[in-house]
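Trainee: Could you walk me through a close look at how the helices in this one pack, starting with a single pair and following the contacts outward? I'd like each term explained as we go.

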Amino acid sequence: MAREGEIRFLRFGDGRVAYAVSGQGPPLVVPAWWISHLELNWRDLAFRAFWECVGGGTSLVRYDAPGVGMSDRDGEPQERTLETEVALLEAVLDELGLQQATLLGGSSGGCAAIAFAARFPDRVDRLLLYGAYADGRSIAPAKVRDALVTTVRSHWGLGSRVLADVFLGDAGAEERESFARLQRAAASAETAATMLERVYRFDVRAELERVRAPTLVVHRRADRAIPYEQGRALAAAISGAALIPLEGRTHFPWAGDRQPVARALRSFLVPDATDARVVAEPAALLLSRREREVLALVASGLSEREIAEQLVLSKHTVHRHVANIRHKLGRGSRAAAVAEAARLGLI
C-alpha cells in the first residue's frame, strides 16, 4: 500500500492512472466518479472531512479515471465502456495486492462497483452505493442528456456552471463556482463531454441479480442529478440490499447536510461502532468561509440589508446564506442558529 498522502501511478492501457491511499485498516475502494482530481479534491475541507469520517479506520483508496485529474491526459479522450471501468478497478486492486475489498460506488462509479461485484464476487466484501443508478438512459430524457453534453462540449465554462448547479443543489454561489473551476481544471471540454456520454450509456441492469455481497444503497430523496427512484430500483433488484433514503437535493455526499450520509455509510462499514467519528467532525467545516462571515454579522445583530451592504452582496444572496446556515446548524430561526453556533465554537 502507498504511504499516507502519496499519489502514485499504475500503468493502464496506453497511459498511467493516478491513485491515492489514506488511512490504515481494511481497504475501502472508491471507483472513479465522472470527473475527479485527487489533489484538488483532497484540498477541499468538506470533501476531506467527509471521507475521513466515512473511511476512518480503513485504507481509503481513490483514483482518477484515465484522461482526468492527475491521470495521464495526453492525446484524444479514450472511449470508456463498462468493460474498461471494471478492468481499471481490477487493475487498482491488483496493483495494491488486494484480494478482497469493500467497494463504495458513488454516482456513475456505482456502475463499475456493481459490475465488479457481480463478476468477481469473491473479491468484494461489502458493497455500498450512494446516489447510484443502473441504467444511464433513465437519468433524464434524451433531449436533456443531449443538450447537456452539447453545452459541455461547445462551452465548457457555461457547461461546468450548469453541472455545478445540478450537482450541488442548494449550495451557495461561491461553492458552485469553486466546483465549476475544479471541473475545468480536472478535464478538458472534450474529455468532460465524452465522459458524460459514457455516464449516460452505462447499463448494469443485467448485473444486479448476480451481486452477492451485502449491499447498502443510500440516496437523497430530491437528488437533482440522479433521481431517487434510481436508488430505490437498485435496492429492490439486488438480493438482500438495504435502502436508506435521506433528505436533501445535493448530489455529492460531502456537500449539503453530509452528516446523515456519513452516518448511514458508517453504520454499514462499522455496524457496532458509535457515531463518535461522525459527530467529531470539526465544527468549522460545517460552514463555508462566507457563511461564517455572515454568521458573525448575524450574531452582532445586523439585519440582512445591513449585512448585504457591509459585504457588498445582494440582499437575496445574504438571505440564502442565512437560510443555509440555519439548515446546516439544524435550527429554525436566526437566534437559535446563533445560539447553536456559539455552542459549537463557531463564533
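Mentor: Start with helix α2 (residues 45–54) and helix α10 (residues 258–269), whose axes sit 9 Å apart and pack at an angle of about 25°. Before going on, note that this is a predicted model, where local features need pLDDT of at least 70 and side-chain atom pairs count only at pLDDT 80 or more, while totals for chains, interfaces and linings use all residues. Residues are numbered from 1 along each chain as its sequence is written, and side-chain values use heavy atoms, with hydrogens and water left out.

A few words on terms. Helices (H or I, at least four residues) and strands (E, at least two) are DSSP runs, numbered from the N terminus. Axes are lines fitted to C-alpha atoms, for helices over the stretch in contact, with angles from 0 to 180 degrees between N-to-C directions.

Back to our pair: α2 and α10 are therefore roughly parallel to each other. The cut-offs are under 35 degrees for roughly parallel, over 145 for roughly antiparallel, 65 to 115 for roughly perpendicular, and oblique for the rest. The crossing of α2 and α10 is right-handed, meaning the near helix is turned clockwise from the far one by less than a right angle (anticlockwise would be left-handed). On the α2 side you'll find A46, F50, C53 and V54, and these meet R258, V261, A262, L265, R266 and L269 of α10. By class, that contact of α2 with α10 has eight nonpolar, no polar and two charged residues. Contact means heavy atoms within 4.5 Å. As for the classes, Ala, Val, Leu, Ile, Met, Phe, Trp, Tyr, Cys and Pro count as nonpolar, Asp, Glu, Lys and Arg as charged, and the others, Gly among them, as polar.

Stay in helix α10 a moment and pick out A264. At 6% relative accessibility, A264 counts as buried (buried is under 20% relative accessible area, exposed over 50%, partly exposed in between, with a 1.4 Å probe and protein chains only). Leaving aside neighbours within four places in sequence, A264 touches L216, V218 and I244. A264 and V218 are 46 residues apart in sequence, yet 7.3 Å apart in space, C-alpha to C-alpha.

Now for the rings. F50, which we met in the α2 contact, belongs to a cluster linked by ring pairs, along with W33, W34, W42, F47, W51, W156, F167, F179, F252 and W254. Rings of Phe, Tyr and Trp (its six-membered ring) pair if their centres lie within 6.5 Å; planes under 30 degrees apart are stacked, over 60 edge-to-face, and the rest tilted. By that rule there are 13 aromatic pairs. Take F116 and F120: their ring centres are 4.8 Å apart with planes at 35°, so the pair is tilted. F116 is buried at 0% relative accessibility, whereas F120 is partly exposed, at 26%. F167 and F252 make another tilted pair, 5.1 Å centre to centre with 40° between the planes. This one links distant parts of the chain, as F167 is in helix α6 and F252 is in the loop between β8 (242–246) and α10, 85 residues apart. F167 and F252 are both buried.

F167 brings us to another helix pair. Helix α6 (residues 156–168) and helix α7 (residues 173–186) have axes that come within 8 Å and cross at roughly 125°, and are therefore oblique to each other. Their crossing is right-handed. Among the residues that meet are W156, F167 and L168 in α6, with F179, A180 and R184 among those in α7. This contact of α6 with α7 divides into seven nonpolar, three polar and six charged residues.

Finally, go back to F116, one of the buried residues of α4. In helix α4 (residues 109–119), 10 of the 11 residues are buried, so α4 is largely enclosed by the rest of the structure. Those buried residues pack against α3 (82–95), β5 (101–106), β6 (124–130) and α9 (228–237). In the loop between β5 and α4 you'll spot S107, which has a positive phi of about 55° although it is not a glycine. S107 is buried too, with a relative accessible area of 9%.
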